[in-house]
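Here is a friendly briefing to read alongside the coordinates. Have the viewer open and follow the topics one by one.

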Amino acid sequence: MHRSWTDRPVSRDHSRFGRRGFLEAAVGAGVATVGSSIGLPAFAQSFEFKPSQRYPDTAVQILDPSFTKYRIYSSTVEQVATGMRWAEGPVYFPAGRYLLVSDIPNNRIMRFDETDNTFSVFRSPANYANGSTRDRQGRLVTCEHSVTRRITRTEHDGRITVLADNFEGRRLNAPNDIVVKSDDSIWFTDPLFGINGEWEGERAKSEQQTTNVYRLGSDGKLTAKATDIFNPNGLAFSPDEKKLYVVEWRGSPHRSVWSFEVGADGALGNKTKLIDANGPGALDGFRVDRDGNLWCGWGSSGAPGAKSEELDGVMVFNPEGKPIGFIRLPERCANLEFGGPKRNRLYMASCHSLYAVYVEAHGAI
């Protein structure tokens, strides 16, 4: 008889961030609210943002008539928090109505509370956490870049469980983005970004032969499911979980989203290029809505001649990979998340700030 994932022996991190329960805790002991609105210093530039005074918001652009039904005529883009250095990995917790977002260079995870619009430190230091997700039991599952280079789960009582930190006896690179499937398996990407320098982690030499997409089964077994993607980044499943989408940081010749068919046993097959950035656009993290559309973080790749002011925002593609909508932002969007009680508030983690807009779309998970 196999024990469940939560029953199996695991390694423990003895750090604590509070004694109260995870979902109901404000963020544990020692939490300090930050933000220019209350006069406390942020750890980076805080930018003023003036939302559109008129409806519809011209920042929400219809590229194809099929996107019209997703735009709310009387909803505008809002800046709900600012003062970060590089915002990434947003994850929403409906039970507490709050969103966590990584501020990687500042080595902390921030918390935005929908109920009172406060922005506070959730965890610091955070081992240069990047992508995070919520498992089916409502626990935080996190990718860490620092010397830890691992996947962790925060239990309801605040304890931290190490789920994976090596593959076949060699350390992981720097886990980046992460999702949980309905069978409780955890899928994550493991590129080199967090060990390429000191900005988002600590410089180190890769011990892996390839940069992989991994599956951690509910039995605790870690397997490499895709080994032929150079620096895989964001990933997400289609609503029926029959397809897995993965961003390749440096495709041929542009950044791309690859689509894989997912077998009943978790095997990946029929690799197909779904989206090609087709120029200086930079795909990063993304989310899928219930209709199967991909809402993708978008911005400049840094290529010569790329105009950030024309690229920064969120590009929306239909399930066939056709661009149908664009949400223009004053900062590059790295990743995003559907939140709110109805899962129709799109949060956009964008460089120094967190933005939000209500849409007539709902997160698939």
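What volume does the largest pocket have? In this predicted model, the largest pocket has a volume of about 340 Å³. The notes below begin with that pocket, then move to the nonpolar cores, two buried strand residues and some backbone details.

**The largest pocket**

- Its lining is made up of 20 residues, and those nearest the centre of the pocket are Thr133, Arg287, Glu337, Arg343 and Ile365.
- Several strands give two or more residues to this lining: S8 (129–134), S14 (178–180), S18 (232–237), S22 (286–288) and S26.
- By character, the lining of the largest pocket splits into 10 nonpolar, 4 polar and 6 charged residues.

**Nonpolar cores**

- The largest nonpolar core has 20 residues, and the members that touch the most others are Val77, Trp295, Val314, Ile327, Leu346, Met348 and Val357.
- At least two residues of this core come from each of the strands S24 (313–317), S25 (323–328), S26 (335–339), S27 (345–350) and S28 (353–358).
- Strand S26 is worth selecting in your viewer, since it turns up twice: it supplies residues to this core and to the lining of the largest pocket.
- Apart from the largest core lies another one, of 17 residues, which include Ala236, Phe286, Leu294 and Cys296.
- Val77 is a good place to start exploring: beyond its neighbours within four places in sequence, Val77 is in contact with Phe49, Pro51, Asp57, Ala59, Val60, Ile327, Leu329, Tyr355, Ala356 and Val357.
- As general background, nonpolar side chains tend to be buried together in soluble globular proteins.

**Two buried strand residues**

- Val213 sits in strand S16 (residues 212–216) and is buried, with a relative accessible area of 0%.
- Setting aside neighbours within four places in sequence, the contacts of Val213 are Trp187, Phe188, Thr189, Thr223, Ala224, Lys225, Ala226, Pro232, Leu235, Leu244 and Val246.
- If you like a distance to check, the C-alpha atoms of Val213 and Asp228 are 9.1 Å apart, with the two residues 15 apart along the chain.
- Arg111 belongs to strand S6 (residues 108–113); Arg111 counts as buried because its relative accessible area is 8%, which is under 20%.
- The side chain of Arg111 makes a polar contact of 3.3 Å with the side chain of Asp113.

**Backbone details**

- Most peptide bonds are trans, and most residues other than glycine have a negative phi.
- Against that background, the peptide bond from Tyr55 to Pro56 is cis, with omega near -5°; Pro56 is in the loop between strand S1 (11–13) and strand S2 (60–62).
- Ser124 and Pro125 are likewise joined by a cis peptide bond, with omega about -5°, and Pro125 lies in the loop between strand S7 (118–123) and S8.
- Glu168 has a positive phi, near 55°, and is located in the loop between strand S12 (166–167) and strand S13 (170–171).
- Glu241 also has a positive phi, near 60°, and is part of the loop between S18 and strand S19 (243–248).
- Which of these two loop residues is buried and which is exposed? Glu168 is exposed because its relative accessibility is 59%, over the 50% cut-off, whereas Glu241 is buried, with a relative accessible area of 14%.

Note on methods: Residues are numbered from 1 along each chain as its sequence is written. This is a predicted model: local features need pLDDT of at least 70, side-chain atom pairs count only at pLDDT 80 or more; totals for chains, interfaces and linings use all residues. Side-chain values use heavy atoms; hydrogens and water are left out. A nonpolar core is a set of buried Ala, Val, Leu, Ile, Met, Phe, Trp, Tyr and Cys residues joined through side-chain atoms within 4.5 Å. Buried means under 20% relative accessible area, exposed over 50%, partly exposed in between (1.4 Å probe, protein chains only). Helices (H or I, at least four residues) and strands (E, at least two) are DSSP runs, numbered from the N terminus. Contact means heavy atoms within 4.5 Å. On a 1 Å grid over the protein atoms alone, a cavity is a set of points where a 1.4 Å probe fits but cannot get out, and a pocket is an open set with protein on both sides within 12 Å along at least five of seven lines; lining residues have an atom within 4 Å of a point. Grid points are joined across faces, edges and corners, and a volume is the space filled by probe spheres set on the points. Ala, Val, Leu, Ile, Met, Phe, Trp, Tyr, Cys and Pro count as nonpolar, Asp, Glu, Lys and Arg as charged, and the others, Gly among them, as polar. A polar contact is a pair of N or O atoms within 3.5 Å; within protein, one must be able to donate a hydrogen and the other to accept it, and residues adjacent in sequence count only if both atoms are side-chain atoms.
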